[in-house]
Amino acid sequence: MKQYDEYQKLMRYKYGYYSFIYLISLLALNYILGLFFNFQWGASKETEMLIIMFVVAIFFANISVYHNAYFRKKDDKKGYSWLLLIVGLLGLYTTYQTFLVRPEEIMINGKINEGATQFFSGILFVSIPITYFIKNKIDEKRERKKGKYSESK
């Protein structure tokens, strides 16, 4: 964590803590659904755990990107974002192809199967650059608005 400044470390710790609480909550909810309602939405409990972990990882990555705590200060954020977007789109395309050829890899008897982890991996890689580009557009808009108000005074 030497490459991160104090603000970035604080944000990573803060949202890491929130992610941990989110993970515990989702695991508890999943346990309650299985225990009291005998409801299983994944083909196996292991698949359910993997999907829950991916959901939490997506949350943490995106909230960190939005608060400038994902990439290090000296990283080429735009270059990494394009690379992650390409990797994510390839992952989503591969998932789509898998679904066309062997849909039972993704869904079996109405339950999510292990092949869906590839989908969530693609979503993770695609969501990081999307969040980064949206944040940049919001920041640019704020700067223009800020400049507009400072010029009129």
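Helix 1 covers residues 6–37 of this predicted model. At 1.5 Å a residue, its 32 residues should span 46 Å, and the end C-alpha atoms lie 45 Å apart, so the expected and computed lengths agree. At the start of the helix, a side-chain oxygen of Asp5 comes to within 3.2 Å of the backbone nitrogen of Tyr7. Just after the other end, Asn38 adopts a positive phi of about 50 degrees.

The buried residues of helix 1 are Gln8, Lys9, Met11, Arg12, Tyr15, Ser19, Leu23 and Asn30. Their packing partner is helix 2, residues 45–66. One of these buried residues, Arg12, also has its charged end over the ring of Tyr4, at 4.6 Å from the ring centre. A second such arrangement involves Lys135, which lies over the face of Tyr66 at 5.2 Å from the centre of the ring.

Aromatic side chains form a further part of the picture. A pair of aromatic rings is described by the distance of the centres and the angle of the planes. Nine aromatic pairs are counted in the model. In the pair formed by Tyr70 and Phe71, the ring centres are 5.1 Å apart and the planes stand at 90 degrees; the pair is therefore edge-to-face. The two partners can also be described by their accessibility. Tyr70 is partly exposed, with a relative accessible area of 27%, whereas Phe71, at 7%, counts as buried because it falls under the 20% cut-off. Ring pairs join both residues with Tyr80, Trp82, Tyr132 and Phe133 into a cluster.

Phe71 leads from this cluster to the largest nonpolar core. In soluble globular proteins, nonpolar side chains tend to be buried together. The core here has 13 residues, of which Phe71, Ala116, Phe120, Leu124 and Ile128 touch the most other members. Helix 2 and helix 4 (116–152) are the elements that give two or more residues to this core. Beyond its neighbours within four places in sequence, Ile128 is in contact with Ala61, Asn62, Val65, Tyr70, Phe71 and Leu84.

Leu84 is also touched by Val126, a residue of helix 4. Val126 has a relative accessibility of 10% and so counts as buried. Apart from residues up to four places away in sequence, the contacts of Val126 are Leu84, Leu85, Gly88, Leu89 and Leu92. Further along the chain, Glu140 is 14 residues from Val126, and the C-alpha atoms of the two are separated by 22 Å.

How values were computed:
Residues are numbered from 1 along each chain as its sequence is written. This is a predicted model: local features need pLDDT of at least 70, side-chain atom pairs count only at pLDDT 80 or more; totals for chains, interfaces and linings use all residues. Side-chain values use heavy atoms; hydrogens and water are left out. Helices (H or I, at least four residues) and strands (E, at least two) are DSSP runs, numbered from the N terminus. The expected span of a helix is 1.5 Å times one less than its number of residues. Buried means under 20% relative accessible area, exposed over 50%, partly exposed in between (1.4 Å probe, protein chains only). Contact means heavy atoms within 4.5 Å. A polar contact is a pair of N or O atoms within 3.5 Å; within protein, one must be able to donate a hydrogen and the other to accept it, and residues adjacent in sequence count only if both atoms are side-chain atoms. Rings of Phe, Tyr and Trp (its six-membered ring) pair if their centres lie within 6.5 Å; planes under 30 degrees apart count as stacked, over 60 as edge-to-face and the rest as tilted. A charge sits over a ring if NZ of Lys or CZ of Arg is within 6 Å of the ring centre and within 35 degrees of the ring normal. A nonpolar core is a set of buried Ala, Val, Leu, Ile, Met, Phe, Trp, Tyr and Cys residues joined through side-chain atoms within 4.5 Å.
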